[in-house]
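User: I'd like a close look at one part of this model, the largest pocket, and then whatever helps to place it in the rest of the chain. Which strand or helix gives the largest share of its lining?

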Amino acid sequence: MFIRDFCDLEQLNMILRRWSESTGMSVVALDSDGKYISDEIGLTEFCMKYTRSTDEGCRRCEKCNQEGKGTYFCHAGLIDFSLDIIIEGEAAGKIVGGQVLSHEPEESKIKEVARELGLNPEAYYQAAKKVPVRPEQAIRSAAELLEVTVNMFVNYQYMYNKNHNIISALNTNIKEVSSLLKDINDKSRALDKIESKQRILALNASIEAGRAGEAGKGFAVVANEVGNLAVNSGEVNKSIKNTLKELISVVGKLEEASGN
């Protein structure tokens, strides 16, 4: 299952962007195969220009992304989050982001990380000072709100698409059934003609058997069977017509309900 196959990604992107603007936190949505399904929103210079510019920084960030669940502190001291998008009990994608601090950056710790990554300590510290600072509880609450909002939106899109497909299939089947009913109705009319001919044939056969007298006894038996066949055919055809009438009524109501 891929979210991008059924979700309005433009609306999803708008939700994420407005959330980011109101919280100062970064965010991006990923599909079940790890591909981005939104813009990379609100990313900080500290993370993208500095931390991830080194091999060691990328390695540490990837490790955090893989191991981090919920809201957590990354290797550089920022708060990040990784939240699952759940559809029908299965993880269908993720929303990840954060890149905020819960307090003003500690110069000594930031510069120590810079040296470990092979970065200019002062430039790294100045970049850290530009990172938004939010109370930790506010960060966690904002992440929880985003998780609920995105899950509600994606699941709504999923159910809408699923129901739309069912209705489309139903409409197609209704059209097919209508066509079949028309075909049955045409064949039923043909049976009317055959039944009528059988009755005439039986009547003529009886008349001819009467004229033949004793020699026509065998023919009379045949005439009688043809008559019985006409009666039975009439009863079967009548039953078909009654069932057909009921089916046409049901299909008519379905067509009316589906707007066809």
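Analyst: First, a word on labels: helices and strands here are DSSP runs, helices of at least four residues and strands of at least two, numbered from the N terminus. Keep in mind too that this is a predicted model. With that settled, the answer is S4, which gives seven residues to the lining of the largest pocket, its largest share.

S4 has company, though. Strand S1 (26–31), helix H2 (45–50), helix H3 (55–67) and strand S3 (79–87) each put at least two residues into that lining, as does S4 (90–100) itself. In total, 36 residues line the largest pocket, and Val28, Tyr36, Arg52, Asn65 and Val96 are the ones nearest its centre. Its volume comes to about 600 Å³. If you're thinking about chemistry, the lining residues split into 18 nonpolar, 11 polar and seven charged.

Now zoom in on the strands. Ser26 sits in strand S1 and is buried, since its relative accessibility is just 1% and the cut-off for buried is under 20%. Leaving aside residues up to four places away in sequence, Ser26 touches Trp19, Ser20, Ile41, Gly42, Leu43, Phe81, Val96, Gly97, Gly98 and Gln99. Val96 turns up here again: this contact of Ser26 is also one of the residues nearest the centre of the largest pocket.

Gln99, another contact of Ser26, lies in strand S4. Its backbone deserves a look, because phi is positive, about 55°, although Gln99 is not a glycine. Gln99 is buried, with a relative accessible area of 9%. Compare Glu88, in the loop between S3 and S4: its phi is also positive, near 50°, and it isn't a glycine either, but Glu88 is exposed, with a relative accessible area of 52%.

From Gln99 you can step across to Thr44, in the loop between S1 and H2. The two residues are 55 apart along the chain, yet their C-alpha atoms are separated by 6.7 Å. Apart from residues up to four places away in sequence, Thr44 touches Lys49, Gln99 and Pro132. Thr44 is buried, at 11% relative accessible area, and its side chain reaches the backbone nitrogen of Cys47 at 3.2 Å.

On the S3 side, have a look at Asn151. This residue is in helix H6 (residues 136–212) and is buried, with 13% relative accessible area. Its side chain reaches the backbone nitrogen of Ile86 at 2.7 Å and the backbone oxygen of Glu147 at 2.9 Å. Setting aside residues up to four places away in sequence, Asn151 touches Asp84, Ile85 and Ile86.

What about the cysteines? The whole structure has zero disulfides. A disulfide needs two cysteine sulfurs within 2.5 Å, so Cys58 is in none: the nearest cysteine sulfur, that of Cys61, is 6.5 Å away. Cys74 is likewise in no disulfide, with the sulfur of Cys64 nearest at 5.5 Å. As for exposure, Cys58 counts as partly exposed at 29% relative accessibility, whereas Cys74 is buried at 13%.

For comparison, the second largest pocket holds about 160 Å³. Its lining includes Phe73, His75, Leu101, His103, Glu106 and Lys109, and helix H4 (residues 107–117) gives the largest share, three residues. By class, that lining has seven nonpolar, three polar and two charged residues.

Stepping back, the chain has seven helices and four strands, running α-β-α-α-β-β-β-α-α-α-α from the N terminus. Buried residues account for 35% of the chain's 260 residues. Of the contacts between residues at least 6 apart in sequence, 64% join residues at least 24 apart. The pairing of Thr44 with Gln99, 55 residues apart along the chain, fits that picture.

Conventions
Residues are numbered from 1 along each chain as its sequence is written. This is a predicted model: local features need pLDDT of at least 70, side-chain atom pairs count only at pLDDT 80 or more; totals for chains, interfaces and linings use all residues. Side-chain values use heavy atoms; hydrogens and water are left out. Buried means under 20% relative accessible area, exposed over 50%, partly exposed in between (1.4 Å probe, protein chains only). A polar contact is a pair of N or O atoms within 3.5 Å; within protein, one must be able to donate a hydrogen and the other to accept it, and residues adjacent in sequence count only if both atoms are side-chain atoms. Contact means heavy atoms within 4.5 Å. On a 1 Å grid over the protein atoms alone, a cavity is a set of points where a 1.4 Å probe fits but cannot get out, and a pocket is an open set with protein on both sides within 12 Å along at least five of seven lines; lining residues have an atom within 4 Å of a point. Grid points are joined across faces, edges and corners, and a volume is the space filled by probe spheres set on the points. Ala, Val, Leu, Ile, Met, Phe, Trp, Tyr, Cys and Pro count as nonpolar, Asp, Glu, Lys and Arg as charged, and the others, Gly among them, as polar.
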